[in-house]
There are 4 protein chains.
Amino acid sequence: MTDIHALPPTMGRLSLGKVGICGIRKPLVIQRPDRTHTLSAGFEVYVDLPALRKGSDLSRNAQVLAEVIDETVHRPVRSVEAACLDISRELLIRHPYAREAEVRVEAEYFRPRGIREDRVSLENFTLLGGAWARRTPSGTEVRQSVGAEAIGMTACPCAMETCRARLEEEFPALKDPAFRDLPIITHNQRNRSRLRLTLEEHTEVEADDLLDILEGAQSSPTYAILKRGDEGQVVLDAHRRPRFVEDVVRAILSLLVERLPRLPDATDVEVATRSEESIHKYDVRAEHRSTLGALRRELAS
Amino acid sequence: MTDIHALPPTMGRLSLGKVGICGIRKPLVIQRPDRTHTLSAGFEVYVDLPALRKGSDLSRNAQVLAEVIDETVHRPVRSVEAACLDISRELLIRHPYAREAEVRVEAEYFRPRGIREDRVSLENFTLLGGAWARRTPSGTEVRQSVGAEAIGMTACPCAMETCRARLEEEFPALKDPAFRDLPIITHNQRNRSRLRLTLEEHTEVEADDLLDILEGAQSSPTYAILKRGDEGQVVLDAHRRPRFVEDVVRAILSLLVERLPRLPDATDVEVATRSEESIHKYDVRAEHRSTLGALRRELAS
Amino acid sequence: MTDIHALPPTMGRLSLGKVGICGIRKPLVIQRPDRTHTLSAGFEVYVDLPALRKGSDLSRNAQVLAEVIDETVHRPVRSVEAACLDISRELLIRHPYAREAEVRVEAEYFRPRGIREDRVSLENFTLLGGAWARRTPSGTEVRQSVGAEAIGMTACPCAMETCRARLEEEFPALKDPAFRDLPIITHNQRNRSRLRLTLEEHTEVEADDLLDILEGAQSSPTYAILKRGDEGQVVLDAHRRPRFVEDVVRAILSLLVERLPRLPDATDVEVATRSEESIHKYDVRAEHRSTLGALRRELAS
Amino acid sequence: MTDIHALPPTMGRLSLGKVGICGIRKPLVIQRPDRTHTLSAGFEVYVDLPALRKGSDLSRNAQVLAEVIDETVHRPVRSVEAACLDISRELLIRHPYAREAEVRVEAEYFRPRGIREDRVSLENFTLLGGAWARRTPSGTEVRQSVGAEAIGMTACPCAMETCRARLEEEFPALKDPAFRDLPIITHNQRNRSRLRLTLEEHTEVEADDLLDILEGAQSSPTYAILKRGDEGQVVLDAHRRPRFVEDVVRAILSLLVERLPRLPDATDVEVATRSEESIHKYDVRAEHRSTLGALRRELAS
């Protein structure tokens, strides 16, 4: 029987950048310092295709994924990105005609969070992982990406000032210096922030550290369980740290530079944040791409 | 050639409640008092199926939809629900074996909104329409549904009181009666509210009236264009009208009873509201189903 | 400090059907005969609200959920619905003013599937659970729901006959009786089917049995790993079992009656199926709601 | 009152790549040769932010959008991308501190489609537009993007050959040369393909030409209205033109080179296609990015 995939292309001799499968779901078990986590994960798995071949053997992508990921149910891996690196390497072995392989994963991750010790519960975050393998004359080069997304809260510093001015007109006593630090009403809203680093293979980054950076950059983290007094605390915290999306991105980048000083300058950094504005029907968004080296230089200047 | 649909069923002689098509998109042109609106609409179109027939002739659903809806590009209809009524009646003609037909539509609707006259722009809302036709010994009975969804804002009355107590501790001067009406910080967020009425054919309901009810029930409407002073105004308005989701549903129901006094008691009423909480990763929701008659009695008691 | 929730309503003295939280995510660990499964689950948790109370104490919903669900990480429950029953009962204790409580959950579930033993991998399905608790003079009444969704494949029996007629014109030799069972081309597509049973507390239903019914009713199950020969097998299987969405619903109902004979007549049954038609931009859908008793009578008649 | 946005940044002196609004919805009216189209469109509008400024004046983005897009209700523009170009230029005027502006739009577009003249109805497609403006010493440089997405159908050439082999074993008479062109069963499914070109301002590209290329590259277009005979025709057409996702991308690229010979070599080309596999629970995807010049050279080699 003819191997249709190995035939020359019928629609034009063109090489293709990416061919693969996406939206394939798997349970992925990782071993973290605290405990074993079973993540529900969605994968994308691609290789490139040379101009002289009609098709890519896509069943191999599903098979490699099953071999590496299903196996984590019995033998957990140490991280999402470690699993991706294994897959990307194996893809180049199974697709001998390919020069590049790419794997991406987005996984739901639960960690214990609470505004007080007796309010702790498991809350949802997202882990992002990836790997790229590239066949070169001197062997296979790989890169990995480690990332995370956290939902938190932003309170707008601009509307706060406008409201302060309006309220001082209506309540002149507010101008008293005693009220200098009184938190003033503003709009606040759900914010989704994500950070992704792309770097060499043997550099380890803890996803939990990225999540801490993300939550530390928002006006306040959010929590599942908030009794009455706690709600007030979160609201106060957020209004004492009002932040634009611009502030959130800069805070993420600054915290990254400060807290992960050992990461190499060549690390690619992507940050995106989105505030689901309470006063608008649309969202406000900021993003930035750079390298850690460029960020360090800009912050030092 | 055999008409497969007309054969007896092969998998069990069972009548089925609904068979049809969904997710079919159309432009729908309606003529409103102010101007002609072209809506982007998604339809669901069903009939029931008797136990003795294998299949429903689904191409007729797409055809009726094309005949009625595509035609509105040339001859606009007066409302979303008027188009649904036409379709539901025609479905019973084209499916002689069916006893019931159902049509539902959800359409994006733009209306001019602004916090001031010179800030007016077109903002997005949703219109909901529907119709049910039923073959009876005395002819075809129909019912229609008219509904709408509006995005607005809620500010939480409970966190406001907690914050007031906290702030009065920190700033004792706030207890001065002069500050009785000072709006206090709280969490606020995007809210989506919807209202749907199901009623007899010849009762007309203006979707714009429903949208006004929805926006009137939230802590504040939201706007696309807000210059700095306007932002402050929206924030102030919302904080002077803090509302739980429970308040929003009750306000919608009360405004409905008050503003549409001519609607019959037999009108079915469905309200649902969802606040995308800024202090949580999850949403808060309230809903209620009743008849206008029952609501009138409960409010009068 | 005033308990705002306990105040009388400000927007109209109306009782509300449902108030609660939705979109809250949790890991849920269940103990099945084969192994322990960690599911990624989304919950909705509601109670009703009497006319004389302004708000529902929503933090209790999140707290009950944390107590019952987070605990499953250490002590797995036997099923999704068992967890829901516990939550629904506890809700009526924590909300003394409520008469009814409702919990719904939708969880991603991975089970080993393969067209052959050496092709087995973990594939994604959905489990649906629910519970309703109601305060009555004689104590608390509960009902539970057990459900599942499976993605499979349908091949259209009608287009197959049309194509047979067309091909017999072009290739008259096809009319030879030797080709009577030759599978003929038709359109085939991804199908999503779901089945939900609502019944008394102590009746156990295995979700895996429901998934088997769903996959048994489609033209063919689908698989993650299909080497070349396997692909042909799935295609052949599906074309030898062409099915309308109407056939799928009737097959689910018939298999349910046949395979679960001990379930009581009072069991509520909901089936819905959706084929993402390859020849259309829209989907085709069938659904039916009934009781097991009514289905048994209709099938026996 | 202090202009908070104009203050120096509080969280780190870092320039940011993109700050703006997204998910803002508008009706956009375009004048095409055939008729006036009202599209339901979603916009993203960004500018960059220098390191010395805390915030971007986002209300200006909403205002420019309202001025340019709302106005099309009265005075239609000639294309989606023409509107984007106007917005991108205006953004640089309103944000004097910005060096770059970006606008993206995705709009639902209905065009008459039918397998025969008496089956024509309005079917949904997507138009993609964009513009980038950049302040340079010699003035403002702009680029525009024009794109489209079409839903169609793919039939798998590989499973077809496997099935042919299997069927020839079971029905040896099929090996007769008379059956050489008999279309054989395979899996087929919904396919979504998109093509986007980025190029200089004054080069005009008709979005309808892009849609024709997309539909011409799939195994078959799909249609809303298909009576029984038509269904057979679509199935036959698709099975006579079986295509992998790899084939679809190459066909799009080849048709683009062939049909739009006047476009400059420097045109950036992005193609992506996704088949929602009927035999899998996941999708298969191919994509390619290149320039028209590189494609022309590769095809000519």
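Here are four short exercises, with worked solutions, on the predicted model shown above.

**Exercise 1. The two domains of chain A**

Task: Find where chain A is divided, and work out which strand gives the most to the side of domain 1 that touches domain 2.

Solution:
- Start with the bounds: domain 1 of chain A covers 1-136, and domain 2 covers 147-301.
- Next, take the centres of the two domains over C-alpha atoms; they are separated by 31 Å.
- Now look at the contact, to which domain 1 of chain A brings 12 residues and domain 2 of chain A brings 17 residues.
- On the domain 1 side, strand 4 (residues 121-136) of chain A gives the most, with six residues.
- Finally, sort that side of domain 1 by character: five residues are nonpolar, three polar and four charged.

**Exercise 2. Where chain B meets chain C**

Task: Describe the side of chain B that touches chain C, then look at how strand 1 of chain B pairs with a strand of chain C.

Solution:
- Count each partner's share: 50 residues come from chain B and 50 residues from chain C.
- List the elements of chain B that each supply at least two residues to this side: strand 1 (16-31), helix 3 (157-170), helix 6 (245-259), strand 9 (283-291) and helix 7 (292-300).
- Pick out the leading contributor: strand 1 of chain B gives the most, with nine residues.
- Sort the chain B side by character, and you get 26 nonpolar, 12 polar and 12 charged residues.
- Follow strand 1 of chain B across to chain C, where it pairs with strand 9 (residues 283-291) in the antiparallel sense, over five bridges.
- For a landmark in the viewer, find B:Gly20, which stands opposite C:Arg285 in strand 9 of chain C.

**Exercise 3. Chain A and chain D**

Task: What relation links chain A and chain D?

Solution:
- Lay chain A on chain D: a turn of 180 degrees and a shift of 0.0 Å along the axis give an RMSD of 0.0 Å.
- Name the operation: this is the relation of a two-fold axis.
- To place the axis, look for A:Arg289, whose C-alpha comes closest to it among the residues of chain A, at 10 Å.
- Check the surfaces: the same one serves both copies, and 100% of the contact residues of chain A recur in chain D.

**Exercise 4. Inside the nonpolar core**

Task: Which residues have the most contacts inside the largest nonpolar core?

Solution:
- The largest nonpolar core has 372 residues.
- Those with the most contacts inside it are A:Ile252, B:Ile252, C:Ile252 and D:Ile252.
- Zoom in on the chain A copy: leaving aside residues up to four places away in sequence, A:Ile252 touches A:Ser193, A:Leu195, A:Ile213, A:Leu214, A:Ala217 and A:Val271.

Technical notes: Residues are numbered from 1 along each chain as its sequence is written. Chains are lettered from A and ligands numbered from 1 in the order in which they are written. This is a predicted model: local features need pLDDT of at least 70, side-chain atom pairs count only at pLDDT 80 or more; totals for chains, interfaces and linings use all residues. Helices (H or I, at least four residues) and strands (E, at least two) are DSSP runs, numbered from the N terminus. Ala, Val, Leu, Ile, Met, Phe, Trp, Tyr, Cys and Pro count as nonpolar, Asp, Glu, Lys and Arg as charged, and the others, Gly among them, as polar. Two strands pair if DSSP finds at least two bridges between them. Copies are superposed by least squares on the C-alpha atoms of residues with pLDDT of at least 70 in both. Two residues are in contact if their C-beta atoms, placed from the backbone, lie within 7 Å. A nonpolar core is a set of buried Ala, Val, Leu, Ile, Met, Phe, Trp, Tyr and Cys residues joined through C-beta atoms within 7 Å. A residue is buried if 20 or more other C-beta atoms lie within 10 Å of its own, exposed if 12 or fewer, and partly exposed in between; C-beta atoms are placed from the backbone. Domain bounds come from an automatic or database domain assignment.
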